[in-house]
Amino acid sequence: MPMDELEALTVLARQLQVRMELDELLQVVVDHAALLMGTDRASIRLLDPTHNRLMAICRAGEPFHADPDMTFEVGQGLMGWIVEHGEAIRTGDADHDPRFQPMPGQREALGSYLGVPMKAGKAVLGVINVVHPRPYAFEERHQKLLTLLA
């Protein structure tokens, strides 16, 4: 029987009480994001020290690009738009979203995409996002849950 959302959040809250390194903490969060969103793929990308580029920090599932360490510029594609505007994107057909930019080495179509900014105060630090091969897989409740995780 799959875990319900409240149970998954309770498990996550317990795990986050354990002292761990930042990369371990982010991996726990991204794994729970995939679980809560009902997908295999989730990732966290943080801004580099120059605040110009999003770098892959951790992921659940297989990477979408042949180069798993590919970076995205602020303003580039869906994730870059999220950082630039400090707002979430939820789309059921990501490949046809006007903010989407195809990248070399993309292995397959995105399908549904949900990404939210990770913030400290008003400053955007990065993006947590999930994808699902089924169109229109994410609802408003998913966006609220992912925002909570961010």
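I will talk about strand β6, then about His132 within that strand, and finally about Asp4, all in a predicted model.

Let me start with the strand, which covers residues 123-132. Eight of the ten residues of β6 are buried, so the strand is largely enclosed by the rest of the structure. On one pairing, strand β1, residues 41-47, is joined to β6 by six bridges, and the two run antiparallel; within that pairing, R45 has V127 as its bridge partner in β6. Strand β5, residues 112-120, also pairs with β6 in the antiparallel sense, here over nine bridges, and G115 stands opposite N129 of β6. The connection between β5 and β6 is a hairpin with two residues between the strands, and G121 in that turn has a positive phi of about 65°.

Now to H132, which lies in β6. Is H132 buried or exposed? With a relative accessible area of 15%, H132 falls under the 20% limit and is therefore buried. As for polar partners, the side chain of H132 reaches the backbone oxygen of G38 at 3.5 Å, while a polar atom of that side chain lies 3.0 Å from the backbone nitrogen of R134. Leaving aside residues up to four places away in sequence, H132 touches G38, T39, L110, G111, S112, A137 and F138.

Finally, D4, which sits in the segment before α1, the helix of residues 5-16. D4 is partly exposed, with a relative accessible area of 45%, and its side chain reaches the backbone nitrogen of E7 at 2.7 Å. Between D4 and D97 there are 31 Å in space, C-alpha to C-alpha, and the two are 93 residues apart in sequence.

Key
Residues are numbered from 1 along each chain as its sequence is written. This is a predicted model: local features need pLDDT of at least 70, side-chain atom pairs count only at pLDDT 80 or more; totals for chains, interfaces and linings use all residues. Side-chain values use heavy atoms; hydrogens and water are left out. Helices (H or I, at least four residues) and strands (E, at least two) are DSSP runs, numbered from the N terminus. Buried means under 20% relative accessible area, exposed over 50%, partly exposed in between (1.4 Å probe, protein chains only). A polar contact is a pair of N or O atoms within 3.5 Å; within protein, one must be able to donate a hydrogen and the other to accept it, and residues adjacent in sequence count only if both atoms are side-chain atoms. Contact means heavy atoms within 4.5 Å. Two strands pair if DSSP finds at least two bridges between them.
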